Amino acid sequence: MKRITIAIDGFSSTGKSTVAKMLAKELDYIYVDTGAMYRAVTLFAMRHLYIKEGHFDKEALLRNLFKVSVKFKMNPSTGIADVYLNSENVEKEIRTLEVSNFVSQIAAISEVRHLLVEKQKEMGKEKGIVMDGRDIGTVVFPEAELKVFMTASADERARRRYEELIAKGDNVTYEAVLENVVKRDALDTSREDSPLVKADDAILLDNTHTNIEDQFHILLQLSKDRIYGRC
């Protein structure tokens, strides 16, 4: 069976990672959450106080970027790869609102993007991969056989993210989550290096009113069309 590269880009909290995991599992493909990689670097910067509220020492981060190692290791209990920062499982730590508040600033740094994009390209050399992020179809895999760009209203995305964080026990407000979503949208779409944009040949999927199961079946059909040469 032909193996392809599937690039899923889009705004934060559109469910990219959730549906990408489902799709990779169904196709028996490798799944890579590139956003988690940027979150890991952000956590590194936060722990070393390079970035905090009202302060960002970009040069200090760049001087120490060589100390950052981000890898994925399969979690046998979940069947999903967890993110490791310098040999430490940080899957839970990188998903907080605090990390979300700084990740777009870290992701805008060209040196950080170059480091992680090279890792991402290496991961996808053999195809058979589902990768989601902000620049997968435009920068990492511009020749991907299937490109999808996911979006939804800011209010709906904030609601989903808020409910997810509350379910995890985080003490957050909907207003704070919505502010974070709007702020990240602005930063992601306006950065100089690899801004968030829809690739010309990407399929737009607005899931404001679409549940995750329907999204999965749409993407699965699109994938099969390309795997079996029906488009």
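**Close-up views of a predicted model**

**View 1. Lys73 stands opposite Asp82 in strand β6.** The model shown here and in the other views is predicted. The two strands in this view, β5 and β6 (residues 80-85), pair in the antiparallel sense, and 6 bridges link them. Helix α2 (residues 34-47) packs on the sheet and touches β5, β6 and β7. The direction of helix α2 makes about 30° with that of β6.

**View 2. An open sheet of 3 strands follows the order β5-β6-β7.** The pairing in this sheet is antiparallel. Strands β5 (70-75) and β7 (88-89) are the edge strands, and each pairs on one side only.

**View 3. Five bridges join strand β1 (residues 5-10) to strand β8 (residues 129-133).** These two strands run parallel. Asp9 stands opposite Gly133 in β8. Helix α1 (residues 16-27) packs on the sheet, where β1, β2, β8 and β9 (146-151) are touched by the helix. Between the direction of helix α1 and that of β8 the angle is about 175°.

**View 4. The open sheet of 5 strands has the order β2-β8-β1-β9-β10.** Its pairing is parallel. At the edges are β2 and β10 (203-206), each of which pairs on one side only. With direction ignored, neighbouring strands of this sheet are turned by 20° against each other on average.

**View 5. Helix α9 (residues 212-227) lies across β1, β9 and β10.** Helix α9 runs at about 160° to β9. Of the strands crossed by this helix, β10 is an edge strand of the sheet, and β1 is the strand that carries Asp9, opposite Gly133.

**View 6. The largest cavity holds about 60 Å³ of space.** A search of the whole structure finds 1 cavity of 30 Å³ or more. The lining consists of Lys21, Tyr31, Asp33, Ala36, Phe72, Ile80, Ala81, Val83, Glu91 and Arg95. By class, the lining residues are 6 nonpolar, no polar and 4 charged.

**View 7. Strands β2 (30-33) and β6 each supply at least two residues of the lining of the largest cavity.** The largest share comes from β6, with 3 residues. Ile80, Ala81 and Val83 are among the lining residues, and β6 spans residues 80-85. Tyr31 and Asp33 also line the cavity, and β2 covers 30-33. Strand β2 is an edge strand of the sheet with the order β2-β8-β1-β9-β10, while β6 belongs to the sheet with the order β5-β6-β7.

Methods:
Residues numbered from 1 in each chain as written. Predicted model: local features only at pLDDT ≥ 70, side-chain atom pairs only at ≥ 80, totals over all residues. Heavy atoms only, no water. Pairing = 2+ DSSP bridges. Helix = DSSP H or I, 4+ residues; strand = E, 2+ residues; numbered from the N terminus. Contact = heavy atoms within 4.5 Å. Axes fitted to C-alpha atoms, helices over the stretch in contact; angles between N-to-C directions. 1 Å grid on protein atoms, 1.4 Å probe; cavity = no way out; pocket = protein on both sides within 12 Å on 5 of 7 lines; lining within 4 Å. Points joined across faces, edges and corners; volume = space filled by probe spheres on them. Nonpolar A, V, L, I, M, F, W, Y, C, P; charged D, E, K, R; others polar.
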